[in-house]
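Here's a quick tour of the model below. Have a look at the fold, then read on for the salt bridges, the core and a loop worth a glance.

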Amino acid sequence: MNNSRQQPEHNVKIWSRRNVEITGVKEVDSFDSEEFLLQTNMGYLVIRGENLQMKNLNLDDGEVSIKGRIYEMTYLDENQGEKAKGLFSKLFK
């Protein structure tokens, strides 16, 4: 039996800009009604909107579901240093 755990695929599904399901999530770093910061297998993902709420969180399976009005989804890559630095400095003031 193989006990090593394979990382789940990273996928994003959006329905009518009101619901989003994300797989391959390692950690939810922060969230509020306007912004979620998720660590995924493909880097950090920022989701911005209004009235955002977490519907489902299962980090064992790497799945997160969010509902609310979605305005923006952005990946923060390591080569986007200044943008990521600005976001993290805002989060950890």
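Is R48 buried, partly exposed or exposed? Keep in mind that this is a predicted model. R48 comes out as partly exposed, because its relative accessible area is 24%.

That arginine has two acidic partners, and the structure holds two salt bridges. Here they are:

| Salt bridge | Closest N to O distance |
|---|---|
| E35 and R48 | 2.7 Å |
| E72 and R48 | 3.1 Å |

In the E35 pair, strand 4 (E35) is tied to strand 5 (R48), with the two positions 13 residues apart in sequence count. The E72 pair joins strand 6 to strand 5, its two residues being 24 apart. Together, E35, R48 and E72 form a network of salt bridges. As for the acids, E35 counts as buried because its relative accessibility is 17%, while E72, at 30%, is partly exposed.

Now for the greasy part. The largest nonpolar core has twelve residues, among them V20, F36, L45, I47, L52 and I70. Strands 2, 3, 4, 5 and 6 each chip in at least two of its residues. In soluble globular proteins, nonpolar side chains tend to be buried together. Zooming in on I70, its contacts beyond four places in sequence include V20, I47 and L52, as well as R17 and R48.

R17 also turns up in the loop between strand 1 and strand 2, and S16 sits in that loop too. Most residues other than glycine have a negative phi. S16, though, has a positive phi near 55 degrees, and R17 has one of about 55 degrees. S16 is exposed at 66% relative accessibility, whereas R17 is partly exposed at 39%.

Notes: Residues numbered from 1 in each chain as written. Predicted model: local features only at pLDDT ≥ 70, side-chain atom pairs only at ≥ 80, totals over all residues. Heavy atoms only, no water. Core = buried A, V, L, I, M, F, W, Y, C linked by side-chain atoms within 4.5 Å. Buried < 20%, exposed > 50% of the residue type's maximum accessible area, 1.4 Å probe, protein only. Helix = DSSP H or I, 4+ residues; strand = E, 2+ residues; numbered from the N terminus. Contact = heavy atoms within 4.5 Å. Salt bridge = Lys/Arg side-chain N within 4 Å of Asp/Glu carboxyl O.
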